[in-house]
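Good morning, and thank you for the opportunity to speak. I should like to take you through one protein structure, step by step.

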Amino acid sequence: QNESLLDHATRFDCSPDQLALGCILAQPFQARVLSGAVESWQLESNLQADTVAKRLQSAPQLLQEIMDDCVMSSEEYWNERSSLAWN
């Protein structure tokens, strides 16, 4: 997992999934987000992302800081994904 995302989630007092989804939902465009939730507890956690998004919308500089800190190149992303055990 992205260490920067984990750090920001801790400081923002939310889970990493809530922060990641919240960052996307807080963007000024009409985002479409696939959460990947499989279990009901994951869905319950993901649904809290709306609250995180609202907090981030009121703090655009923080949103930008988180986005900048957590960026991952597509090459890095796909290398990480392809190394997962289920692939």
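I shall begin with the overall fold, then turn to the core, the cysteines, a salt bridge and one unusual backbone angle.

Please keep in mind that this is a predicted model. The mean pLDDT of the protein is 92, and 99% of its residues reach 70 or more. Confidence is highest in helix α4, with a mean of 96, and lowest in α6, residues 74-82, where the mean is 90.

Let us consider the fold. The protein contains 6 helices and 0 strands, so that, reading from the N terminus, the order of elements is α-α-α-α-α-α.

How do the dimensions look? Along its principal axes, the C-alpha trace spans about 40 × 30 × 25 Å. A compact globule with 87 residues would have a radius of gyration near 12 Å, and the protein, at 13 Å, agrees with that. Of the contacts with a separation of 6 or more, 66% are made by residues 24 or more positions apart. As for burial, 26% of the 87 residues count as buried.

Which residues have the most contacts inside the largest nonpolar core? That core has 13 residues, and the ones in question are Phe12, Cys14, Leu19, Cys23, Val52, Leu56 and Ile66. Two or more residues of this core come from each of the helices α1 (3-12), α2 (16-25), α4 (49-57) and α5 (60-70). Cys23 offers a good place to look at the packing in detail. Leaving aside residues up to four places away in sequence, Cys23 touches Leu56, Leu63, Ile66 and Met67.

With cysteines in view, one naturally asks how many disulfides the structure holds. The count is 0. Cys14 is in no disulfide, and the nearest cysteine sulfur, which belongs to Cys23, lies 8.2 Å away. Cys70 is likewise in no disulfide; here too the nearest cysteine sulfur is that of Cys23, at 6.8 Å. A disulfide would require the two sulfur atoms to be within 2.5 Å, so these distances do not qualify. Both residues are nevertheless shielded: Cys14 is buried, with a relative accessible area of 14%, and Cys70 also counts as buried, at 19%. The cut-off for buried is under 20%, which is why Cys70 falls within that class.

I turn now to charged side chains. The count of salt bridges comes to 1. It joins the side chains of Asp50 and Lys54, with a distance of 3.1 Å from N to O. Where do these two residues lie? Both are in helix α4, 4 residues apart, which is about one turn of the helix. Asp50 is partly exposed, with a relative accessible area of 39%, whereas Lys54 counts as exposed, at 52%.

My final point concerns the backbone. Most residues other than glycine have a negative phi. Asp13, although it is not a glycine, has a positive phi of about 60 degrees. Asp13 is found in the loop between α1 and α2. Is this residue buried or exposed? At 69% relative accessibility, Asp13 counts as exposed.

To close, I would ask you to retain three items. The protein has 6 helices and 0 strands; its largest nonpolar core has 13 residues; and the structure holds 0 disulfides. Thank you for your attention.

Technical notes: Residues are numbered from 1 along each chain as its sequence is written. This is a predicted model: local features need pLDDT of at least 70, side-chain atom pairs count only at pLDDT 80 or more; totals for chains, interfaces and linings use all residues. Side-chain values use heavy atoms; hydrogens and water are left out. A nonpolar core is a set of buried Ala, Val, Leu, Ile, Met, Phe, Trp, Tyr and Cys residues joined through side-chain atoms within 4.5 Å. Buried means under 20% relative accessible area, exposed over 50%, partly exposed in between (1.4 Å probe, protein chains only). Contact means heavy atoms within 4.5 Å. A salt bridge is a side-chain nitrogen of Lys or Arg within 4 Å of a carboxyl oxygen of Asp or Glu. pLDDT is the predictor's confidence in each residue, from 0 to 100. The radius of gyration is taken over C-alpha atoms; the globule rule is 2.2 Å times the number of residues to the power 0.38.
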